[in-house]
Amino acid sequence: AEAEAKKGKEAEQRLDEIQTALIAAESSLQDEKVRHEEAESDFKVELAKMEGKLRASESSLKTKKSRVLELEKQLDEATATSSKAGEEKQMEIESLRKHVEKISQELDNERQQREAKEVEVAELEAEV
């Protein structure tokens, strides 16, 4: 009977040790679960921050791309306007050159006619 009582006591002690180990394991598991949930929560917060920054960066990039396209359009318009103005000035210069050439030719013709008249007048005077 004493041997059975001793076995029962040892079994109870072993059971107590197993329950204590089980409680410690459950507590450790619970602590790990809490750390995991905290880490997951921290990661979610970081992820949300990063997504917010990404959206802001994408928005900024979109705005900058739009500005670049607007500036390219303005540059194209300015280039076209400048080119057109340059062509108009070139045509005006060419027109003025032709006009000056025409007037120079007319002047040369008038000089030649005047010289011819002077010769005629000189000949008439010589006859008189």
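This is a short walk through selected salt bridges and one further residue of a predicted model.

**Before you click**

Residue numbers start from 1 along each chain as its sequence is written, and side-chain values rest on heavy atoms, with hydrogens and water left out. Because the model is predicted, local features need pLDDT of at least 70 and side-chain atom pairs count only at pLDDT 80 or more, while totals for chains, interfaces and linings use all residues.

**Stop 1: the helix**

Start by selecting residues 2-127, which make up helix α1. Helices here are DSSP runs of H or I with at least four residues, strands are runs of E with at least two, and both are numbered from the N terminus. Now for the charged pairs: a search of the whole structure finds 7 salt bridges. The term means a side-chain nitrogen of Lys or Arg within 4 Å of a carboxyl oxygen of Asp or Glu. Three of them are visited below, beginning with E17 and R14, then R35 and E32, then K49 and E46.

**Stop 2: E17 and R14**

Select E17 and R14 and show their side chains: they meet in a salt bridge, at 3.7 Å from N to O. Both residues belong to helix α1 and sit 3 residues apart, about one turn of the helix. Colour by accessibility next, where buried means under 20% relative accessible area, exposed means over 50%, and partly exposed lies in between (1.4 Å probe, protein chains only). R14 comes out exposed at 51%, whereas E17 is partly exposed at 42%.

**Stop 3: R35 and E32**

Move along to R35, which forms a salt bridge with E32; their closest N and O atoms are 2.7 Å apart. Again the partners lie in helix α1, 3 residues apart, or about one turn. R35 is partly exposed, with a relative accessible area of 45%, and E32 is partly exposed too, at 42%.

**Stop 4: K49 and E46**

Next, pick K49 and E46, whose side chains meet in a salt bridge at 3.9 Å, N to O. How far apart are K49 and E46 in helical turns? They are separated by about one helical turn, because they are 3 residues apart in helix α1. K49 counts as partly exposed at 47% relative accessibility, as does E46 at 41%.

**Stop 5: I93**

Finish at I93, also in helix α1. I93 is partly exposed, with a relative accessible area of 38%. Add S82 to your selection and draw a C-alpha to C-alpha distance: I93 and S82 are 16 Å apart in space and 11 residues apart in sequence.
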